[in-house]
Amino acid sequence: MSAVSKTHLVLIPSYNPGPKVLATVRSALAQWAPVWVVVDGSTDGSAEALQALAATEAGLRVIVLPENRGKGSAVLEGITLAAAEGFTHALTMDSDGQHPADLIPAFMAASLAQPTHMVLGKPVFDADAPALRVNGRKVSNGWANLETLWMGIGDSLYGFRVYPIQPLIRIMRANHFMRRFDFDPEAVVRLCWAGVRPLNIDAPVRYFRADEGGVSHFKYLRDNTLLTWMHTRLFIGFVLRLPLLILRRLS
Ligand SMILES: Nc1nc2c(ncn2[C@@H]2O[C@H](COP(=O)(O)OP(=O)(O)O)[C@@H](O)[C@H]2O)c(=O)[nH]1
Ligand SMILES: [Mg+2]
């Protein structure tokens, strides 16, 4: 029997996730309840399969968005509903089996011990991780660290993390960006600016080949363009906040 929390939930945004989705959700349920999946306009039958699983799993709730809106939008939908039900923190993880469900309890424990912080997964890659993605990450991490004056972001892109819900909702309502693949890095930088400090915990990330059930919707040109534009606007925000950030770093 997994732990049942009234404050911390596992939130899984899911868009055409491939064959590993049910095993991924089951592995999360084995560690924690509740687990909520936000089906982001998927067209692969996964909504129905997940709803069937929810009929037998009390800890699972499936929220279905009729159209694809992007990962950030799916997370915002989930945390808005969660806040209305009294939850204070959400652990986000991907639906495609890449993230380590067995670390959910450790991440939740870190968040329970320091609830004002965000708990960030620091990726430990396996040998199959595509070099393009690993190196692209270094660029995004370099920018995110500069934009926050090195306040301690271990990784800007890894989606396995625990967010305090209220500050994240405030930031997303004030900002119409960060609705798609730009969600993870922009959330972490803006939360730092809002005074939410990061805790970093090492967490393995798996890259599956297509024949192993690996699915990615990352599109190199589209998503790197999105990330470049995102860091451009964050850099402008950084320059405007520089006096404040320096004061905070010195205090
Ligand atoms: N790419 C993408 N992912 C989405 C979307 N909505 C929800 N997600 C979820 O966000 C997570 C990350 O997406 P994925 O394509 O695996 O990206 P990657 O792991 O960085 O290659 C997965 O759990 C997706 O199911 C969307 O519109 N696009
Ligand atoms: Mg993935």
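These are legends for a set of close-up views of a predicted model.

**View 1. The seven-stranded sheet, strand by strand.**
Let's start with the big sheet order: seven strands line up as S5-S4-S2-S6-S8-S7-S9 in an open sheet, and the pairing is mixed. The edges are S5 (60-65) and S9 (198-205), each of which pairs on one side only. Go from one strand to its neighbour and the average turn is 25 degrees, with direction ignored. As a reminder for reading the next few views, strands of a sheet pair through backbone hydrogen bonds, either parallel or antiparallel.

**View 2. Strand S2 and its two neighbours.**
Here we zoom in on S2, which covers residues 8-14. On one flank sits S4 (residues 35-40), running parallel to S2 and joined to it by five bridges. On the other, S2 and S6 also pair in the parallel sense, this time over four bridges. Val 10 is a handy residue to follow: its bridge partner in S4 is Val 35, and in S6 it stands opposite Leu 91. Next door in the chain, Leu 9 has Ala 90 of S6 as its bridge partner.

How many of the residues of S2 are buried? Seven of seven, so to speak a clean sweep, and the strand counts as mostly covered. Both faces are covered: His 8, Val 10, Ile 12 and Ser 14 are buried on one side, while Leu 9, Leu 11 and Pro 13 are buried on the other.

**View 3. Strand S6, between S2 and S8.**
Now shift one strand along to S6, residues 89-92. Its pairing with S2 is parallel, whereas its pairing with S8 (residues 161-164) is antiparallel, over four bridges. On the S8 side, Thr 92 has Arg 161 as its bridge partner, and Ala 90 stands opposite Tyr 163. Ala 90 also bridges the other way, to Leu 9 of S2.

Which residues of S6 are buried on each face? His 89 and Leu 91 are buried on one side, and Ala 90 and Thr 92 on the other, leaving both faces covered.

**View 4. The surroundings of ligand 1.**
This one is about the ligand shell. Ligand 1 has 18 residues around it, and the closest are Tyr 15, Asp 40, Asp 94, Ser 216 and His 217. Sorted by class, the shell holds six nonpolar, eight polar and four charged residues. Strand S2 and helix H3 (71-84) each put in at least two residues.

**View 5. Helix H3 crossing helix H6.**
H3 turns up again here, now with H6 (residues 165-173) as its companion. Two packed helices are described by the angle between their axes and the distance between the axes. For this pair, the axes come within 10 Å and cross at roughly 130 degrees. That angle is why H3 counts as oblique to H6. As for handedness, H3 passes H6 in a left-handed crossing.

**View 6. Ala 52 on helix H2.**
Is Ala 52, a residue of helix H2 (residues 46-54), buried or exposed? Ala 52 counts as exposed because it has 12 C-beta neighbours inside 10 Å, and a residue with 12 or fewer falls in that class. Val 62 is also worth picking out in this view: 10 residues separate Ala 52 and Val 62 along the chain, and their C-alpha atoms are 9.7 Å apart.

**View 7. A cis peptide bond just ahead of S4.**
The link to look for is the one between Ala 33 and Pro 34: the peptide bond is cis, with omega about 0 degrees. Pro 34 belongs to the loop between strand S3 (32-33) and S4.

**View 8. Two residues with positive phi.**
Neither Leu 149 nor Met 178 is a glycine, yet phi is positive in Leu 149, at about 50 degrees, and in Met 178, at about 55 degrees. Leu 149 sits in the loop between helix H5 (131-147) and S8, while Met 178 sits in the loop between H6 and helix H7 (183-193). What about their surroundings? Leu 149 has 15 other C-beta atoms within 10 Å, so it is partly exposed. Met 178 has 24 other C-beta atoms within 10 Å, so Met 178 is buried.

Technical notes: Residues are numbered from 1 along each chain as its sequence is written. Chains are lettered from A and ligands numbered from 1 in the order in which they are written. This is a predicted model: local features need pLDDT of at least 70, side-chain atom pairs count only at pLDDT 80 or more; totals for chains, interfaces and linings use all residues. A residue is near a molecule or strand if its C-beta atom, placed from the backbone, lies within 6 Å of it. Ala, Val, Leu, Ile, Met, Phe, Trp, Tyr, Cys and Pro count as nonpolar, Asp, Glu, Lys and Arg as charged, and the others, Gly among them, as polar. A residue is buried if 20 or more other C-beta atoms lie within 10 Å of its own, exposed if 12 or fewer, and partly exposed in between; C-beta atoms are placed from the backbone. Two strands pair if DSSP finds at least two bridges between them. Axes are lines fitted to C-alpha atoms, for helices over the stretch in contact, and angles run from 0 to 180 degrees between N-to-C directions. Angles under 35 degrees count as roughly parallel, over 145 as roughly antiparallel, 65 to 115 as roughly perpendicular and the rest as oblique. A crossing is left-handed if the near helix is turned anticlockwise from the far one by less than a right angle, and right-handed if clockwise.
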